[in-house]
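Visitor: Could you walk me through this one? I'd like to go from a single residue outwards.

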Amino acid sequence: MDPQTIRAVGDALAAGAEIAAPRVDSIRGHPVGFSTAFRESLLALTGDAGAGRIVAANSHQLTTIDCDDRGILADIDTPADISR
């Protein structure tokens, strides 16, 4: 993942986005950034469900950032994912 992509997500949040995520070829990727408005919802997450439910329930607040960084499509949750 390109550090510029991570900065772009942070910049979108700083500019007022509630949820921000990069997108390549119309596919949303990682990282997904959240404003402080979602703090309690994020802290309440349990198990493997992840924040995807929060994004889905608040898709009207999602700002996507188009990029060419295909690294955003890798979902790394475990050490085994890194070695793939």
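Guide: Let us start with A20, which touches V9, A12, L13, P31, V32, G33, L62, T63 and I65 when residues up to four places away in sequence are left out. Please keep in mind that this is a predicted model.

Visitor: Where does A20 lie?

Guide: A20 is part of strand β1, which covers residues 19-24.

Visitor: And is A20 buried or exposed?

Guide: A20 is buried, because its relative accessibility is 0% and the cut-off for buried is under 20%.

Visitor: How many residues of β1 are buried?

Guide: In β1, 5 of the 6 residues are buried, so the strand is mostly covered, taking buried as under 20% relative accessible area.

Visitor: Which residues are the bridge partners of A20?

Guide: There is a partner in each of two strands: G33 is the bridge partner of A20 in β3, and T63 is the bridge partner in β4. Both G33 and T63 also appear among the residues that A20 touches.

Visitor: In what sense do those strands pair with β1, parallel or antiparallel?

Guide: Strand β3, residues 33-34, pairs with β1 in the antiparallel sense over 2 bridges, whereas strand β4, residues 62-66, pairs with β1 in the parallel sense over 5 bridges.

Visitor: What about β2, how does that pair with β1?

Guide: Strand β2, residues 27-28, pairs with β1 in the antiparallel sense over 2 bridges, and V24 stands opposite I27 there. The two strands form a hairpin with 2 residues between them, and D25 in the turn has a positive phi of about 50°.

Visitor: Back to A20 for a second: how far is its C-alpha atom from that of I72?

Guide: The C-alpha atoms of A20 and I72 are separated by 13 Å, with the two residues 52 places apart along the chain.

Visitor: Switching topic, how many aromatic pairs are there?

Guide: Searching the whole structure gives 1 aromatic pair. It is made by F34 and F38, whose ring centres are 5.9 Å apart; the pair is edge-to-face because the planes stand at 65°, and over 60 degrees counts as edge-to-face.

Visitor: Is F38 buried or exposed?

Guide: F38 counts as buried, with a relative accessibility of 7%.

Visitor: What touches F38 from the loop between α3 and β4?

Guide: That is N58, which sits in the loop between α3 (52-57) and β4 and touches I19 and F38, not counting residues up to four places away in sequence. N58 is itself buried, at a relative accessible area of 17%.

Visitor: Let's try the helix: where is I6, and how accessible is it?

Guide: I6 belongs to helix α1, residues 3-14, and is partly exposed, with a relative accessible area of 45%. Leaving out residues up to four places away in sequence, I6 touches M1 and P31, while its C-alpha atom is separated by 9.1 Å from that of G33, 27 residues apart along the chain.

Visitor: Last one, for docking: what volume does the largest pocket have, and which residues are closest to its centre?

Guide: The largest pocket has a volume of about 270 Å³. Of the 13 residues lining the pocket, H30, G50, A51, D75 and D77 are the closest to its centre.

Visitor: And how does the lining divide by residue type?

Guide: The lining of the largest pocket divides into 5 nonpolar, 4 polar and 4 charged residues.

Notes:
Residues numbered from 1 in each chain as written. Predicted model: local features only at pLDDT ≥ 70, side-chain atom pairs only at ≥ 80, totals over all residues. Heavy atoms only, no water. Phe/Tyr/Trp six-rings, centres within 6.5 Å; stacked < 30°, edge-to-face > 60°. Buried < 20%, exposed > 50% of the residue type's maximum accessible area, 1.4 Å probe, protein only. Helix = DSSP H or I, 4+ residues; strand = E, 2+ residues; numbered from the N terminus. Pairing = 2+ DSSP bridges. 1 Å grid on protein atoms, 1.4 Å probe; cavity = no way out; pocket = protein on both sides within 12 Å on 5 of 7 lines; lining within 4 Å. Points joined across faces, edges and corners; volume = space filled by probe spheres on them. Nonpolar A, V, L, I, M, F, W, Y, C, P; charged D, E, K, R; others polar. Contact = heavy atoms within 4.5 Å.
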